[in-house]
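Please open the model in a viewer and set the display to cartoon. The tour below proceeds by selection, from the sheet to the helices.

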Amino acid sequence: MYVRTIYAIGDPAKVDACVDALREEAPRALAGQSGYRGFALFTDRELGKILTGSWWESEEALRNSDDQLKERRVAMLAPFANTMTVDSWEAAVFTPPAQVAPGAGFRLTRFEVDPSGADLLVETFRGATLPRVRAIEGFETAAMLLDRARGRGSVGVVYADQAALAASRGRQSAARGEAVAKTGVSICGLEEFEVVTLERQ
């Protein structure tokens, strides 16, 4: 599986209108594309951030859909976004889809890794870190996204609600720390969002 993410930052006063438009229009636009497998929409309303992820069954499907949707994406985000970053990833590890209500919690950990150590990182996350995180109360689903060539990626974990997200911080931090010690990965960002939409086939 492959994932395209869009990370947009803008005026917090305009975030709600953009989130509403994306929630209504983006799944319809994506669903018409070959190889489409899901859509996620997250927001930090206080700071004015929007993060989306679209899932694709192959790298070719991801690439072709980007050609088809690029202009529409810009139009939907333009009223809100001051900056917008679009990235493509390999979904190196992921758990089954979850059915969560709007308002669930999402934690995103960004990292950098020596490309030569990417396989060890994936193995460590799948075999050691993920089982520990799955045992945390309120866990719903998780994924590791990876750009092997550029030596970077992220881990996203969804919790049932904001209370579970907050309560998980200590235990997930401990699991993350063990992974860092074993793999030498560098953590370069930690963010939390509200789940708006989470659909995956």
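The following stops indicate what to select and what is found there.

**The barrel.** Note at the outset that the model is predicted. Begin by selecting the strands β1 to β8 together. Eight strands form a closed barrel in the order β1-β3-β2-β8-β5-β7-β6-β4, and their pairing is antiparallel. Direction ignored, neighbouring strands of this sheet are turned by 30 degrees against each other on average. As general background, strands of a sheet pair through backbone hydrogen bonds, in either a parallel or an antiparallel manner.

**Strand β2 and its two neighbours.** Next, select residues 36-44, which make up β2. Is this strand mostly covered or mostly uncovered? It is mostly covered, with eight of its nine residues buried. On one side, add residues 49-56, the strand β3, which pairs with β2 in the antiparallel sense over eight bridges. To inspect this pairing, display G38, which stands opposite W55 in β3. The two strands form a hairpin with four residues between them. In the turn, select G48, whose phi is positive, at about 80 degrees.

Then add residues 186-200, the strand β8. Its pairing with β2 is also antiparallel, over six bridges. Here F42 has V195 in β8 as its bridge partner.

**Strands β5 and β7.** Move to residues 105-112 (β5) and 152-159 (β7), which pair in the antiparallel sense over eight bridges. Display R110 together with its bridge partner in β7, S154.

**Helix α3.** Keep β5 and β7 visible and add residues 118-134. This helix, α3, lies across β4, β5, β6 and β7. With β6 (139-147) selected as well, one can follow α3 running at about 170 degrees to that strand.

**Helix α2 on the sheet.** Now select residues 59-77, helix α2. α2 packs on the sheet, where it touches β1 (2-10), β3 and β4 (81-94). The direction of α2 makes about 20 degrees with that of β1.

**Helices α1 and α2.** Finally, add residues 15-31, helix α1. How are the axes of the two helices placed? They come within 10 Å and cross at roughly 165 degrees; α1 and α2 are therefore roughly antiparallel to each other. The crossing of α1 past α2 is right-handed. To see the contact, show the side chains of C18, L22, E25, A26, A29 and L30 in α1, which meet L69, R72, M76 and L77 in α2. The residues of this contact divide into eight nonpolar, no polar and two charged.

Terms used
Residues numbered from 1 in each chain as written. Predicted model: local features only at pLDDT ≥ 70, side-chain atom pairs only at ≥ 80, totals over all residues. Heavy atoms only, no water. Axes fitted to C-alpha atoms, helices over the stretch in contact; angles between N-to-C directions. Parallel < 35°, antiparallel > 145°, perpendicular 65-115°, else oblique. Left-handed = near helix turned anticlockwise from the far one by under 90°. Contact = heavy atoms within 4.5 Å. Nonpolar A, V, L, I, M, F, W, Y, C, P; charged D, E, K, R; others polar. Buried < 20%, exposed > 50% of the residue type's maximum accessible area, 1.4 Å probe, protein only. Pairing = 2+ DSSP bridges.
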